[in-house]
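Reader: Could you take me through the reading of helix packing and domain contacts, with the general idea before the particular case?

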Amino acid sequence: MTVRIVLAGGDLVLPGRVLPRGSLLLDGPRIEAIVEPSKGGATPEPSGAALVDVRNCYVLPGFVDAHVHGVEGFDTLDGGDPIAGIAARLPRYGVTAFCPTTVACGPRELARALEQVGRARAARAEGSARVLPAHLESNFINPKYQGAQPFDCLRLPPGLRDPAYERRAPLYGAPDGDFSADDILNVIASARTDVGTVTLAPELPGALALVRTLVSAGHRVSLGHSGASFDEAIEAIEAGAGFATHLFNRMTPMTHRAPGLPGAVLAREDVHAELICDGYHVHPAMCRVAIGAKGITGVMAITDGTGGSGLAPGSTAWLGGRSIRVGPRAAELEDGTLAGSTLTMDGALRMLVGIIGLPLVDAAALCSTTPARALGLTGLGLIAEGAVADIVVLDRSLRVVRTFIDGREVYVNTGAAALR
Ligand SMILES: [Zn+2]
């Protein structure tokens, strides 16, 4: 039996406008109708529908996080079934769909994570966020821009070696390490549909050929952890790379004579840029620059969240098998290296509205609509008649009150002031 629910009397954040005191009729997994407020202020009560009072709340499309490693102590590369654990916890932050994201790792660890992704995608667990094809912050990145990625796992793309390059950059371990670039590509090939996005550095020898191979196999290629020049970045974009991994972080700086990878990403309309919206990884002014240059359809708010997200400062967690600590503003390795964020998507939305000053409709586009479109998800990421009923209800301070997936309530914050 399908469950019919009316979310009554909330400020509905629709594409491009807010409908004050409107109501949403959910019929099973779909949004059946958007109901304008009636003159007397009465809320519609279709027979047989459960009424949920969302007055004094905002109603937004559920958040879609295209880059998240973990939350509340879980990391995608932990033993056990961490991806199910992450999926179960993200709805409390308003996330209804996410790309589980891995750092560079060995083929066995990668295969284990992708096996979990496949299982979670085949059957969504009750109460859990949708698991989308994974995002691999892959082995094929530039060690000079590795950040918190484990050096021992970095490899050059397969193919011809460039001795000059290998003298300049420290060798990557391959082919002397315990696995090769081909081992990683074989894992990707055997879990094809569960690999959505592959981050790589386009300036590595053999990287352009790898971009073409991955794109023609149906993957998205995202440029990042890279020292690419502007020209190298443009070449990769021409080869089919349509995304940028955490714009500005772990890439060449942008200057007026040497625009670098960030300049190419800002200048090209056919590239979607991830932006870590914690106000720390990227200065709010540079967030404004990125959104100004690319518009709200070109920027995807991401968390780059780790197992430290949702934990108290001082807590420890894991990132790809290495210990991280929750610092005051982000996650850090033991040596202080910035190791992803402790951000959650509701926090990203609050930063975009409260610090960047975006209208709520634009912030909702960055957190839901644009990532859903960029990831090719039809019917997700917007509130419209006929769309999938993945919804987050926020109070006036933009804290999560309720989350719905497929028209079913999967989270309610019983402590929320809006419910008292
Ligand atoms: Zn990351």
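**Helix pairs and a domain boundary**

Author: Let us begin with handedness in this predicted model: helix α9 passes helix α10 in a right-handed crossing. The two helices, residues 345-354 and residues 360-374, pack at an angle of about 145°, with their axes 9 Å apart.

Reader: Which residues of α9 and α10 make the contact?

Author: On the α9 side they are Met345, Ala348, Leu349, Leu352 and Val353, and these are met by Leu360, Ala363, Leu366 and Cys367 of α10. Sorted by class, this contact holds nine nonpolar residues, with no polar and no charged ones.

Reader: How are α1 and α2 oriented to each other?

Author: The crossing angle decides the term, and angles outside the roughly parallel, perpendicular and antiparallel ranges count as oblique. The axes of α1 (residues 82-89) and α2 (residues 107-122) come within 8 Å and cross at roughly 50°, and the pair is therefore oblique. Ile83, Ala84 and Ala87 in α1 meet Ala113, Gln116, Val117 and Ala120 in α2, a contact that divides into six nonpolar residues, one polar and no charged.

Reader: What should I look at where two domains touch?

Author: As a general idea, the size of an interface is often given as the accessible area lost when the parts come together. Here the contact can be read by residues: 16 residues of domain 1 are in contact with 19 residues of domain 2.

Reader: Which element gives the largest share of the side of domain 1 that touches domain 2?

Author: That is β21, with three residues. By class, this side of domain 1 has eleven nonpolar, two polar and three charged residues.

Technical notes:
Residues are numbered from 1 along each chain as its sequence is written. This is a predicted model: local features need pLDDT of at least 70, side-chain atom pairs count only at pLDDT 80 or more; totals for chains, interfaces and linings use all residues. Axes are lines fitted to C-alpha atoms, for helices over the stretch in contact, and angles run from 0 to 180 degrees between N-to-C directions. Helices (H or I, at least four residues) and strands (E, at least two) are DSSP runs, numbered from the N terminus. Angles under 35 degrees count as roughly parallel, over 145 as roughly antiparallel, 65 to 115 as roughly perpendicular and the rest as oblique. Two residues are in contact if their C-beta atoms, placed from the backbone, lie within 7 Å. Ala, Val, Leu, Ile, Met, Phe, Trp, Tyr, Cys and Pro count as nonpolar, Asp, Glu, Lys and Arg as charged, and the others, Gly among them, as polar. A crossing is left-handed if the near helix is turned anticlockwise from the far one by less than a right angle, and right-handed if clockwise.
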